[in-house]
Amino acid sequence: MNGFDPDRVAVAQANNFMAGRRLGGEGAGLDVLRPSDGRAYGKLDSASAAQVDAVVTDAYQAYRKSGWAATDPRGRMTVMRRWADLIDADAARLAPLEAVGSTRTIGEILAWDLSYTAETIRFFAEFADKAGGEVIATTPDKLGFTITEPYGVIAAIAPWNLPLVMAAWKIAPAIASGNSVVLKPSEMTPFSIVRVAELAIEAGLPRGVFNVVQGDGRSVGDPLCRHPLVSKVSFTGSTRTGIAIMNACAETGPKPVTLELGGKSPQIVFADAKDMGQAAAIVAKAITLNSGQVCVAGSRLLVQESVADEVVGRILAAFEAHRIGPTWGGDTTMGPIISEKQLGDIDAMVARAVVAGGEAVTGGRRAPSPQEGSYYLPTLLTGLPQDAEAVQGEIFGPVLTVQTFGDEEEAYALANDSRYGLAAGVHTGDLNRALRATRALEAGTVWVNRYGRSNDFMLPTGGFKQSGIGKDLGREAYMATMKSKAALIQL
Ligand code: NAD
């Protein structure tokens with residue numbers, strides 16, 4: 001994979017997007033840093049409170065008057081497919097824009113993020129004429145049915161860890177069903193989505209249907225959620241912020257929320273796994289992908305005692321093999337941590353784990369690097385009790401805790417002893433055990449003999465317990481962008 005020169009990536013100014021045009025921000029201007037080398041590469045054009053109000057009001061007008069919601073569903077589908085095609089065709093420009101200030105390597109973005117973003121838009125576009133209300137069984141003298149209607153304006157708030165993919169999960173279903181959307185990307189990865197908004201206009205999306213407001217959570221995210229013309233909020237980010245957003249939506253609505261939150265997902269390796277080498281490779285990848293900055297990062301290894309040494313040995317070898325470097329390096333396999341603050345938080349949590357009696361068998365410190373960026377070594381922590389902070393809390397970095405178990409029951413008890421319930425992985429060669437595990441594990445997604453997403457967009461994703469409410473992807477995510485109205489006709 002070819003790398004690129006970060007200093008040649010032009011970041012356009014005026015990075016809010018309203019009524020089909022870029023708009024300069026009247027709020028505070030903030031430097032945006034490249035985590036790969038710590039240098040500022042663009043200015044965040046924060047929206048003022050008045051601008052947030054203007055964008056939402058315009059989005060509402062577009063919902064009422066642009067004709068998008070009233071366009072025949074196949075017409076909406078055609079525009080969205082064109083939009084997805086334009087994203088694919090713009091890869092040479094979009095990929096460096098996405099990579100330069102994020103933690104995603106150029107290789108990952110070209111191989112997966114961009115095509116997955118485009119495919120998410122196509123997937124939800126196809127729902128436009130396929131999912132709606134239903135006729136209800138009633139007595140012959142009546143006709144009962146439900147009608148689905150868009151909410152109007154949906155606010156979408158996205159994190160920095162997979163900027164375009166996370167945004168697409170929110171935007172695509174909402175626009176396909178006829179809503180207008182106001183998206184607030186993370187203040188740390190604000191730029192690539194504005195280019196995607198321009199491509200939407202080029203594809204024929206009416207002006208005002210898709211909008212972007214820039215800024216931090218307090219000055220822009222919070223007033224966006226509280227705006228009276230916002231009828232629903234779809235959020236991906238930390239559990240703490242999700243709770244704050246739910247409160248804001250309760251106080252100013254109540255209005256519905258979809259919350260995709262944090263995780264502390266277990267990966268269970270049974271001694272009967274068919275291929276221990278493959279299981280260990282999957283476990284290692286699931287905690288080093290995007291340097292562990294993935295909501296579903298498999299951050300707790302639960303391994304059966306008899307195979308623990310073998311599995312841990314193989315994971316250590318996989319950790320060693322990583323080439324840590326800047327996102328623009330063509331041969332980088334592990335990029336940076338998003339910020340110095342995040343790196344400090346990871347390091348402090350690991351240090352506290354060691355004080356509490358744990359051992360960092362490898363890693364446990366900043367990675368040496370020729371760049372001035374924020375890099376952390378893949379880290380393996382052993383010897384921690386189940387109630388240790390590092391076993392219970394989301395670290396959001398390349399840190400894997402290791403615990404052993406004796407039997408199946410103990411494995412599930414340890415796995416489920418968590419306030420989170422986002423995902424879980426199981427490695428076993430026993431089909432009955434695999435099926436038992438999918439029922440026993442308290443997680444929104446259970447992967448068996450693999451870990452991570454496929455192109456099966458119909459599988460919904462979402463968490464149990466403190467990992468969230470509602471789903472992204474799948475039919476459920478599409479239906480959640482609409483309200484359902486009941487009709488009963490006396491014949
Ligand atoms: P974060 O909660 O700090 O920020 C997420 C977004 O919310 C940002 O755009 C931020 O500006 C905004 N925000 C912050 N405070 C706000 C407020 N009071 N009102 C409105 N908006 C506000 O999360 P992050 O650090 O950007 O992302 C990492 C977290 O996201 C991790 O916990 C990770 O597990 C989670 N995540 C979950 C999923 C999932 O699908 N469950 C996917 C990706 C990331």
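This report describes the nonpolar cores, the cysteines, the ligand surroundings and one helix of the structure shown above. The structure is a predicted model.

**Nonpolar cores**

The largest nonpolar core holds 67 residues. Among its members, Trp-83, Phe-124, Ile-175, Ile-193 and Phe-210 touch the most other members. The greatest contribution to this core is made by helix H5, which spans residues 163–176 and supplies 10 residues. In soluble globular proteins, nonpolar side chains tend to be buried together.

Phe-124 may serve as an example of the contacts in question. When its neighbours within four places in sequence are left aside, Phe-124 is in contact with Ala-172, Pro-173 and Ala-176. The remaining contacts of Phe-124 are with Leu-473, Gly-474, Ala-477 and Tyr-478. Another core, of 29 residues, lies apart from the largest one, and its members include Val-303, Ala-308, Ile-315 and Val-402.

**Cysteines**

A disulfide is a covalent bond between the sulfur atoms of two cysteines. The structure holds 0 disulfides. For Cys-225, the nearest cysteine sulfur belongs to Cys-249 and is 5.1 Å away. Because a disulfide requires the two sulfur atoms to be within 2.5 Å, Cys-225 is in no disulfide. Cys-225 counts as buried, because its relative accessibility is 1%. Cys-295 is likewise in no disulfide, and the nearest cysteine sulfur, that of Cys-225, is 19 Å away. With 18% relative accessibility, Cys-295 also counts as buried, because the cut-off for this class is under 20%.

**The ligand and its surroundings**

The ligand is surrounded by 26 residues, of which the closest are Glu-187, Ser-238, Thr-241, Leu-261 and Glu-394. The table below lists distances between oxygen atoms of the ligand and polar atoms of the protein.

| Residue | Part of the residue | Distance to a ligand oxygen atom |
|---|---|---|
| Gly-217 | polar backbone atom | 3.5 Å |
| Gly-237 | backbone N or O atom | 3.3 Å |
| Thr-241 | side-chain N or O atom | 2.7 Å |

On its own, the ligand has 850 Å² of accessible area, and the protein covers 88% of this area. Three elements give two or more residues to the shell around the ligand: helix H7 (217–226), strand S10 (232–236) and helix H8 (239–251). The largest share of the shell, 3 residues, comes from H7.

**Helix H14**

Two residues of helix H14 are described here, beginning with Arg-433. Is Arg-433, a residue of helix H14, buried or exposed? Arg-433 is buried, because its relative accessible area is 17% and the cut-off for this class is under 20%. The side chains of Arg-433 and Glu-408 are joined by a polar contact of 2.9 Å. Not counting residues up to four places away in sequence, Arg-433 touches Phe-270, Asp-272, Glu-408, Tyr-412 and Thr-428.

Ala-434 also lies in helix H14, which covers residues 431–440. With a relative accessible area of 9%, Ala-434 is buried. Leaving aside its neighbours within four places in sequence, Ala-434 is in contact with Thr-428 and Val-448. Thr-428 is thus a residue that Ala-434 contacts and that Arg-433 touches. Between Ala-434 and Gly-406 there is a separation of 28 residues in sequence, and the C-alpha to C-alpha distance in space is 17 Å.

Key
Residues are numbered from 1 along each chain as its sequence is written. This is a predicted model: local features need pLDDT of at least 70, side-chain atom pairs count only at pLDDT 80 or more; totals for chains, interfaces and linings use all residues. Side-chain values use heavy atoms; hydrogens and water are left out. A nonpolar core is a set of buried Ala, Val, Leu, Ile, Met, Phe, Trp, Tyr and Cys residues joined through side-chain atoms within 4.5 Å. Buried means under 20% relative accessible area, exposed over 50%, partly exposed in between (1.4 Å probe, protein chains only). Helices (H or I, at least four residues) and strands (E, at least two) are DSSP runs, numbered from the N terminus. Contact means heavy atoms within 4.5 Å. A residue is near a molecule or strand if one of its heavy atoms lies within 4 Å of it. A polar contact is a pair of N or O atoms within 3.5 Å; within protein, one must be able to donate a hydrogen and the other to accept it, and residues adjacent in sequence count only if both atoms are side-chain atoms. Accessible areas come from the Shrake-Rupley method with a 1.4 Å probe; for residues, only the protein chains shown count as cover.
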